[in-house]
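Here is a short tour to read with the structure open beside you. We will begin at the ligand and then visit a few other spots in the fold.

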Amino acid sequence: MEEKIRTLQDKLNRYNYEYHVLDAPTVPDGEYDKMMNELIQLETEHPEFKTKTSPTVRVGGEILKGFTKVDHDTPMLSLGNAFNEGDLRAFDKRVQEAVGRVEYMCELKIDGLAVSLKYEDGLFVQGATRGNGTTGENITENLRTIKAIPLKIDEPLSFEVRGEAYMPKKSFQKLNEQRELREEALFQNPRNAAAGSLRQLDPKLAAARNLSIFLYSVNDLTNINAATQSEALEALDRHGFKTNKERRTAQSIDEVIEYIDYWTTHRTELDYDIDGIVIKVNDLDHQEELGFTVKSPRWAIAYKFPA
Ligand SMILES: COc1nc2nc(N)nc(N)c2nc1C
């Protein structure tokens with residue numbers, strides 16, 4: 001019986017990965033639902049085989065009394081902002097003065113909630129909000145319900161990944177339609193809806209909100225041995241994390257500006273909100289050389305779209 005349950009758990013975790021990370025399901029929803037119901041039934045009959053990495057945790061567990069606090073191993077910093085071409089060229093000038101010509105990595109800035117995910121020996125063990133940058137709230141149980149977050153990864157690695165949890169536009173529209181029918185206050189935008197969903201105490205509610213996530217950094221590069229942000233993101237992909245595919249390297253600030261111009265007009269075609277573009281020096285040694293100000297990396301800047 002244990003074998004049957006373990007096989008179902010692994011299969012359904014795989015199906016979640018294909019559907020929510022690769023956006024390429026290999027089984028029809030009906031078959032997935034049937035297998036999930038079978039697993040829920042079997043785990044109810046044999047609770048000794050229900051583990052923290054079983055896909056049945058995605059439906060959410062007990063209501064929490066409150067959130068405990070989490071001190072981040074390294075501060076979750078904010079990004080310096082750029083609002084126009086002049087700001088971008090000034091950033092490029094500062095970078096070049098310090099480390100010479102560099103390659104940039106351009107990433108969409110998802111309008112969601114910054115979160116940190118900790119893995120120990122390959123298991124998802126803790127998730128937290130950014131909070132004040134030093135201390136956040138432990139929202140592990142809510143994050144466990146996000147199907148794009150792997151509950152266990154392919155190797156027994158221990159590291160922390162950071163990214164942006166968000167609510168797809170379609171889920172936001174559906175949620176507000178439901179709230180309208182129930183004459184409840186509407187969420188102003190997907191960002192507030194995602195933050196609201198993750199910062200309430202009932203994981204079953206979070207599970208019902210169809211949240212997703214894009215990861216953009218990993219803190220223990222020794223496990224990942226990446227030399228650039230590009231390679232770090234490719235390593236995240238390999239380990240089963242969802243990263244944003246619209247990222248592009250740029251050989252000059254002019255190419256960065258072209259990328260920004262493109263997304264300024266095309267962002268409405270995305271099925272999630274973005275509030276800007278994050279530009280990073282791609283080479284990690286250059287990032288090291290540039291370092292940080294008291295609150296932001298010197299090797300990155302966030303171009304913000306006009307509100
Ligand atoms: C290196 O620090 C960061 N990198 C980021 N990257 C993306 N794509 N989006 C963000 N919001 C973001 N935020 C921070 C603080």
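In this predicted model, a polar side-chain atom of Y216 sits 3.4 Å from a nitrogen atom of the ligand. The protein covers 86% of the 360 Å² of accessible area that the ligand has on its own. The points below start with that site and then move on to a hairpin and two individual residues.

**Around the ligand**

- Ten names are worth highlighting in your viewer: the ligand is surrounded by L77, L79, E107, L108, K109, E164, Y216, V278, K280 and W299.
- By class, this shell holds 6 nonpolar and 4 charged residues, with no polar ones.
- E107 places a polar side-chain atom 2.8 Å from a nitrogen atom of the ligand.
- For K280, an N or O atom of the side chain is 3.0 Å from a nitrogen atom of the ligand.
- Strands β3 (104-110) and β10 (274-281) each contribute at least two residues to the shell.
- Which strand gives the most to the shell around the ligand? That is β3, with 3 residues.

**The β4-β5 hairpin**

- Strand β4 (residues 113-120) pairs with strand β5 (residues 123-129) in the antiparallel sense, over 6 bridges.
- The two strands, β4 and β5, make a hairpin that leaves 2 residues between them.
- At the turn end, E120 has L123 of β5 as its bridge partner.
- D121, in the turn, has a positive phi of about 50°.

**N142, a residue in a helix**

- N142 belongs to helix α4, which spans residues 140-143.
- Is N142 buried or exposed? N142 counts as buried because its relative accessible area is 1%, while the cut-off for buried is under 20%.
- The side chain of N142 has a polar atom 2.8 Å from the backbone oxygen of L198.
- Setting aside neighbours within four places in sequence, N142 is in contact with F67, S197, L198, R199, Q200, D202, P203 and A206.

**D23, a residue in a loop**

- Where does D23 lie? Look in the loop between α1 (2-21) and α2 (29-45).
- D23 has a relative accessible area of 67%, so it is exposed; the cut-off for exposed is over 50%.
- D23 and E38 are 15 residues apart along the chain, and their C-alpha atoms are separated by 24 Å.

Notes: Residues numbered from 1 in each chain as written. Predicted model: local features only at pLDDT ≥ 70, side-chain atom pairs only at ≥ 80, totals over all residues. Heavy atoms only, no water. Pairing = 2+ DSSP bridges. Helix = DSSP H or I, 4+ residues; strand = E, 2+ residues; numbered from the N terminus. Buried < 20%, exposed > 50% of the residue type's maximum accessible area, 1.4 Å probe, protein only. Polar contact = N/O pair within 3.5 Å; in protein donor to acceptor, adjacent residues only side chain to side chain. Contact = heavy atoms within 4.5 Å. Near = heavy atom within 4 Å. Areas by Shrake-Rupley, 256 points an atom, 1.4 Å probe, with all protein chains shown as cover. Nonpolar A, V, L, I, M, F, W, Y, C, P; charged D, E, K, R; others polar.
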